[in-house]
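The questions below ask how certain labels are earned, and each reply sets a value against its definition before concluding.

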Amino acid sequence: MQIAGIIAEYDPLHAGHAWQIRRAKELGAQGVVCVMSPGVVQRGGFSILPAGVRVKAALLAGADLVLTLPAPYAAASAEQFAAAGVALLAGLGCVDTLVFGSETGEAAPLLEAARRLADPQLPALLHRQLEKGLPFAAARAAALEQLHPGCAEVLARPNDLLGVEYCRAILAQKAPLTPLAVLRQGAGHGGAPAQGFASASWLRSRTGGAARTNPVQAVEGWADYVPSACMELYRTAAGEGLLLDRRAADIAILSRLRGLRPADLEAIRGVREGLEYRLLTAAGRAGSLEELYTAMKCKRYAHARLRRLALDAALGVEADLPALPPYLHLAGMGPKGKEILAMAKPALPLDSRLAKLEKTGPAAAKVAALHAAAEDLSALCRQRPQPAGSAYTRPLIRL
């Protein structure tokens with residue numbers, strides 16, 4: 001292993017993330033490149049802290065380069081999220097290993113599951129499971145289990161499931177990346193802290209209502225579970241009003257949804273089977289995003305799918321989005337960053353300036369516009385709303 005790649009949200013970056021970066025270097029990586037989500041994240045919402053803070057946290061934790069995962073891919077399905085991240089790492093031309101956390105801790109069973117998911121018999125069985133009203137993930141796991149008993153077990157664990165998607169992307173793109181699974185440390189996804197590690201979802205939940213009245217105090221519950229340098233960064237950011245204001249996010253998205261009509265949603269990613277009517281009916285009645293998701297809930301669609309649909313509709317993300325990101329947007333650079341860039345043989349346009357990248361072609365212009373709009377909406381949803389245009393004006397963050 002020469003250069004390791006990690007695909008992450010760092011929402012927020014915690015001790016487990018820092019351990020993963022260290023572990024990659026212990027296993028032989030001379031440098032670590034992170035592909036990181038911006039102000040929107042894969043669960044279909046906004047990050048607890050804006051992108052600039054999280055990029056700096058990644059550098060403080062040992063990352064050498066940070067690339068931005070453009071917003072339309074960051075707030076996409078696990079399959080799209082993984083495919084985009086793999087494409088960016090492979091497109092840099094010097095990353096040879098993809099490191100990711102896993103409940104299994106081994107890449108071989110995840111690669112095997114990824115290969116099995118390409119079985120030509122699977123689509124017919126999947127269709128039958130979907131006809132029963134199962135959500136896609138459950139239907140796919142059930143169909144795979146029918147074909148290859150025992151192979152679907154990894155699809156039930158969140159990190160393993162994402163690892164399978166990384167492996168599928170590597171195989172589909174013929175990317176020159178070796179998957180390397182490292183055993184997830186401590187707490188499971190959403191679980192209580194264990195062995196000095198806490199999950200990002202648990203940390204986010206700790207901010208609660210205190211985030212409005214005393215934002216610095218609201219993040220103090222993170223102190224035992226994040227690197228000390230990052231904790232100082234988080235305290236400063238909280239004091240500057242950069243924490244997510246969940247009520248502001250509710251109003252921002254609902255106000256956009258209430259201004260839409262069914263025809264406006266026909267081209268939106270993920271709209272099918274009358275979902276546009278379900279979404280707009282719920283938006284007209286809901287007073288919060290949780291009320292919106294509850295009103296939209298049905299057996300067929302997972303909660304995360306509905307959250308992403310609402311965000312896509314609010315931002316105008318259409319189904320004809322380019323399949324993979326068309327550029328490499330450099331967001332952060334540590335002391336070894338120049339060495340890695342010197343090794344790089346980029347297959348895509350590479351720059352730290354979005355204004356330059358968006359001029360590299362029609363696909364780049366489309367993706368950059370959607371990314372900038374998402375960053376502007378995220379900026380508006382902070383406790384102290386931030387100016388628009390950060391996607392274009394934020395300088396390269398150096399450590």
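Q: How do you know how many helices and strands the protein has?
A: Helices are DSSP runs of H or I with at least four residues and strands are runs of E with at least two, numbered from the N terminus, and under that rule the protein has 20 helices and 10 strands. This is a predicted model, in which local features need pLDDT of at least 70 and side-chain atom pairs count only at pLDDT 80 or more, while totals for chains, interfaces and linings use all residues. Residues are numbered from 1 along each chain as its sequence is written, and side-chain values use heavy atoms, with hydrogens and water left out.

Q: What makes the radius of gyration of the protein agree with that of a compact globule?
A: The radius is taken over C-alpha atoms, and the globule rule is 2.2 Å times the number of residues to the power 0.38. Because the protein has 399 residues, the rule expects a value near 21 Å, and the protein has 20 Å, which agrees. Along its principal axes, the C-alpha trace spans about 50 × 50 × 45 Å.

Q: Why is C94 called buried or exposed?
A: A residue is buried under 20% relative accessible area, exposed over 50%, and partly exposed in between, with a 1.4 Å probe and protein chains only. C94 has a relative accessible area of 8%, so it is buried. C230 also counts as buried, because its relative accessibility is 1%. Over the whole protein, 55% of the 399 residues count as buried.

Q: How do you know how many disulfides there are?
A: A disulfide is a pair of cysteine sulfur atoms within 2.5 Å, and by this rule the count comes to zero. The closest cysteine sulfur to that of C94 belongs to C34 and is 13 Å away, so the distance is too far for a bond. C230 is likewise in no disulfide, since the nearest cysteine sulfur, that of C34, is 11 Å away.

Q: Why is R278 called buried, partly exposed or exposed?
A: R278, which is found in helix α14 (residues 275-285), has a relative accessible area of 34%, so it is partly exposed.

Q: What makes a residue count as touching R278, and which residues do so?
A: Contact means heavy atoms within 4.5 Å, and, not counting residues up to four places away in sequence, R278 touches A295, M296, K297 and C298. The C-alpha atoms of R278 and A295, which are 17 residues apart along the chain, are separated by 8.3 Å. For the protein, 74% of the contacts between residues at least 6 apart in sequence join residues at least 24 apart.

Q: Why is R269 called buried or exposed, and what does it contact?
A: R269 is placed in the loop between α13 (246-258) and α14, and it is buried because its relative accessible area is 9%. Leaving aside neighbours within four places in sequence, R269 is in contact with P72, A75, A76, Q80, L309, D312, V317, E318, A319 and L321.

Q: Why is A139 called buried or exposed?
A: A139, placed in helix α7 (residues 136-147), has a relative accessible area of 0%, so it is buried. With neighbours within four places in sequence left aside, A139 is in contact with L126, Q129, L130 and L134, and the C-alpha atoms of A139 and R128, 11 residues apart along the chain, are separated by 8.4 Å.

Q: What makes the phi of Y10 and of E273 stand out?
A: Most residues other than glycine have a negative phi, and most peptide bonds are trans. Y10 has a positive phi of about 50° although it is not a glycine, and E273 has a positive phi of about 55° although it is not a glycine. Y10 is found in the loop between β1 and α1 and counts as buried because its relative accessibility is 1%. E273 is placed in the loop between α13 and α14 and counts as exposed because its relative accessibility is 55%.

Q: What kind of peptide bond joins D11 and P12, and where is P12?
A: A cis peptide bond joins D11 and P12, with omega about -5°, and P12 is placed in the loop between β1 (3-8) and α1 (15-26).
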